[in-house]
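Colleague: Could you take me through one part of this model up close? I'd like to look at the aromatic rings and what surrounds them.

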Amino acid sequence: MKKLVLIGDSIRIGYDKYVKEKLAGRVEVLYPEENGRFAQYVYRYIGSWQAEGGWGNDADVVHWNAGLWDVIHLGPGDDGPVTTPEQYGTTLGQIARRIRILFPHAVGVFATSTPIVEADYGPDFWRSNAEIERYNEIAKEVLTKEGTVIDDLYAVMKDAPASERSDMTHFYTSEGTERIGNAVLRCVCPLLGTDIVP
């Protein structure tokens, strides 16, 4: 049976069970229960999740994301996002290379960070879509050079109606989960050599 690993922040937590259900009986879908948080957190813990989860090193596809935590601003007068653009690009490259070491036969797939509703954030904790787009472009530039496939979930969710959102960041409604989950399936199923479930 083919094996798919899903790693990422709370956006991934919104579609992992959906993807697993759709691929049941055809693909083994593995993911940590833990939120992947920052890019540096993913880099630090991906090996631990592999070992503790008993995933082995024979995954066929590793689909991952990191970015929404990295673009967080912590209030007025801050020094910018918690992760600088330079740090972000460097860490994504490290993750891509780490994935190749841990899962030597896998195709690496990076999912871009999804858009947020800026007006719903307060002054003490916020993100902006302009910065999310900037960091997504950094990810595309860095990871394309690493041979990583890009799954542009930002483009998929950009025009999603407000009714599909569960809050200013997430898409935990049934409709939102279906939209983003199906986008992930459209990306990974051809790489796994399996049909996309309607």
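Modeller: Sure! One term before we start: a residue counts as buried when its relative accessible area is under 20%, as exposed when that is over 50%, and as partly exposed in between. Keep in mind that this is a predicted model.

Now for the rings. The structure has seven aromatic pairs. In one of them, Y41 and Y45, the ring centres are 4.5 Å apart and the planes meet at 35°; stacked pairs need planes under 30 degrees apart and edge-to-face pairs over 60, so this one is tilted. Both residues belong to helix 2, which covers residues 39–53, and they are four residues apart, about one turn of the helix. Here's the handy bit: an α-helix has 3.6 residues a turn, so residues three or four places apart point the same way.

The two tyrosines differ in how covered they are. Y41 has 17% relative accessibility, so it counts as buried, while Y45, at 26%, is partly exposed. Together with W49, Y41 and Y45 make up one aromatic cluster.

There are charges here too. R37 lies over the face of Y41, 4.6 Å from the ring centre. Over the ring of Y45 you'll find the charged end of R44, 4.2 Å from the centre.

For another pair, go to Y121 and F125. Their ring centres are 6.3 Å apart and their planes are at 25°, so this pair is stacked. Y121 has just 9% relative accessibility and therefore counts as buried, whereas F125 is partly exposed at 36%.

Methods. Residues are numbered from 1 along each chain as its sequence is written. This is a predicted model: local features need pLDDT of at least 70, side-chain atom pairs count only at pLDDT 80 or more; totals for chains, interfaces and linings use all residues. Side-chain values use heavy atoms; hydrogens and water are left out. Rings of Phe, Tyr and Trp (its six-membered ring) pair if their centres lie within 6.5 Å; planes under 30 degrees apart count as stacked, over 60 as edge-to-face and the rest as tilted. Helices (H or I, at least four residues) and strands (E, at least two) are DSSP runs, numbered from the N terminus. Buried means under 20% relative accessible area, exposed over 50%, partly exposed in between (1.4 Å probe, protein chains only). A charge sits over a ring if NZ of Lys or CZ of Arg is within 6 Å of the ring centre and within 35 degrees of the ring normal.
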